[in-house]
Number of protein chains: 2
Amino acid sequence: MNDSAAPPGVEAPAETDAVDQLTAQWARERPDLDDLTAMALIGRINRASSLLLKRMKPVFTAHGLENAEFDVLATLRRAGAPHELTPSELVLSSMVTSGAVTNRLDRLERKGLVERRPDPGDRRAVRVRLTSPGLDLVDRTVMAHVANEERILAALPAADQRLLSDALRRLLVALGDTRLG
Amino acid sequence: MNDSAAPPGVEAPAETDAVDQLTAQWARERPDLDDLTAMALIGRINRASSLLLKRMKPVFTAHGLENAEFDVLATLRRAGAPHELTPSELVLSSMVTSGAVTNRLDRLERKGLVERRPDPGDRRAVRVRLTSPGLDLVDRTVMAHVANEERILAALPAADQRLLSDALRRLLVALGDTRLG
DNA sequence: GCCGTATCTCTCAACGCTGAAATAACTTCG
DNA sequence: CGAAGTTATTTCAGCGTTGAGAGATACGGC
């Protein structure tokens, strides 16, 4: 919008992304929506997330996993030996509901990557543990996954990466996302 | 991790978010994964997106819409009169597959918010148009939606918002997200 | 005019999530 | 002890997405 009105030859116009076009359309159709900066920022975060998720998927697929399944295996792995947590703890570490976690565990159990056993001290509770094949798989997958993430971000200068990570941390803190468990 | 080793009294330690804890766990369990900065940045973008989406949902629900449904209505509205596009164009503007768009259109049509009619010039094609109730609804919803987005981001200083938006634009350009249609 | 290729939309099974509620077991406290 | 409240896990209908591909139509070149 405003780029086209910039004095010629003074500065290279900043490159535009899909969100610039989207907000330009809104500005034209609904000029009464006078502040679209929030919409633009949120739109960029959502689009970036969606694109990044799509670029990660092939690595999981190559290891026979869904994104959601890797999420559970990785949480158990990160927790350290004996790689065992309860479904409740997995719900807290994830961003999904308890029903979704049950569903993930059912599938992982069928594949033999985790096992459920009763909690000795609390008969309501269950303990979910990585099996030996599950541990092997997640250890191999995370390696490829991290390498893939680095490859994906290689196109963005390290300075931008630091800047983004720090500003996003402040956003997450503002949104209350300060605890993993 | 490194915050705890900072010289005392020199600077307030930066506040930590869930991703800092997550990467700290990986660093402890898998010290061989030596560069976790890409994982941290991508993790922050994904968590932020998930949290923001959850905070938007109530506005759509209050207007009787799903997030995905609003997405279609908004795309038609932004396109300008006569608020008509083909399913193919909607697929390009969205971040989902053609099957998902068909599904969205089926539901919106059942609700009477859009209508499908054959394209006069191409018998393979369909033209999807906002109905009058659809136009009313999206015009009301987008107003509440934008106000909600501003409320959600109010906790983040304007300087951070600009910084983030600009850096994310560079990321999106690097990821090839330069065209909306 | 015809053929191969490209395009447009839709279908369908498998997967995945939510929100609400059911079930069972623990805990607190009078 | 026993009722009331809390916690842990699962269930289920409704919604939503992907990925592969089917079916119909359009188009470019010979």
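Me: What makes a pair of side chains a salt bridge?

Reply: A salt bridge is a side-chain nitrogen of Lys or Arg within 4 Å of a carboxyl oxygen of Asp or Glu. This is a predicted model, and the rule is applied to its atoms. A search over all chains finds 42 salt bridges.

Me: Why is the pair of A:Glu69 and A:Lys111 called a salt bridge?

Reply: The N to O distance between the side chains of A:Glu69 and A:Lys111 is 2.9 Å. The cut-off is 4 Å, so the pair counts. The partners sit in distant parts of the chain, 42 residues apart. A:Glu69 belongs to helix 3 (residues 67–78) of chain A, and A:Lys111 to the loop between helix 5 and strand 2 (114–118).

Me: How do you know that A:Glu29 and B:Arg77 meet in a salt bridge?

Reply: Their side chains are 3.3 Å apart, N to O. That value is within 4 Å, and therefore the rule is met. The count between chain B and chain A is ten salt bridges. Polar contacts across this interface come to 26 residue pairs, with both residues at pLDDT 80 or more.

Me: Which elements of chain B supply at least two residues of the side that touches chain A?

Reply: They are helix 1 (18–29), helix 2 (37–62), helix 3 (67–78), helix 6 (132–153) and helix 7 (158–174). Helix 2 of chain B gives the largest share, 18 residues. By class, this side of chain B has 36 nonpolar, eleven polar and 22 charged residues. The two chains bury about 7,400 Å² between them, 65% of it on carbon and sulfur atoms.

Me: How do you know that the copies are related as by a two-fold rotation axis?

Reply: A turn of 180 degrees, with a shift of 0.0 Å along the axis, lays chain B on chain A with an RMSD of 0.0 Å. The two copies are thus related as by a two-fold rotation axis.

Me: Why is it said that the copies meet through the same surface?

Reply: Contact joins 69 residues of chain B to 69 residues of chain A. Of the interface residues of chain B, 100% are also interface residues in chain A, so the copies meet through the same surface.

Me: What makes A:Arg124 a polar contact of DNA strand D?

Reply: An N or O atom in the side chain of A:Arg124 is 2.8 Å from a base oxygen of DNA strand D. The limit is 3.5 Å, so this pair qualifies. A:Ser98 also has a polar side-chain atom 3.0 Å from a base oxygen of the strand. B:Arg104 places a polar side-chain atom 2.5 Å from a phosphate oxygen of DNA strand D.

Me: Which element gives the largest share of the surface near DNA strand D?

Reply: Helix 5 of chain B does, with five residues. By class, that surface has seven nonpolar, eight polar and nine charged residues.

Me: How do you know that A:Thr97 is in polar contact with DNA strand C?

Reply: A polar backbone atom of A:Thr97 is 2.7 Å from a phosphate oxygen of DNA strand C. That is within 3.5 Å, so the pair counts. A:Arg104 uses a polar side-chain atom, 2.6 Å from a phosphate oxygen of the strand, while A:Arg123 uses a polar backbone atom at 3.0 Å. Of the atoms of DNA strand C within 4 Å of the protein, 76% belong to sugar or phosphate.

How values were computed
Residues are numbered from 1 along each chain as its sequence is written. Chains are lettered from A and ligands numbered from 1 in the order in which they are written. This is a predicted model: local features need pLDDT of at least 70, side-chain atom pairs count only at pLDDT 80 or more; totals for chains, interfaces and linings use all residues. Side-chain values use heavy atoms; hydrogens and water are left out. Contact means heavy atoms within 4.5 Å. Buried area is the accessible area (1.4 Å probe) that two parts lose on being put together, summed over both. A polar contact is a pair of N or O atoms within 3.5 Å; within protein, one must be able to donate a hydrogen and the other to accept it, and residues adjacent in sequence count only if both atoms are side-chain atoms. Helices (H or I, at least four residues) and strands (E, at least two) are DSSP runs, numbered from the N terminus. Ala, Val, Leu, Ile, Met, Phe, Trp, Tyr, Cys and Pro count as nonpolar, Asp, Glu, Lys and Arg as charged, and the others, Gly among them, as polar. Copies are superposed by least squares on the C-alpha atoms of residues with pLDDT of at least 70 in both. A residue is near a molecule or strand if one of its heavy atoms lies within 4 Å of it.
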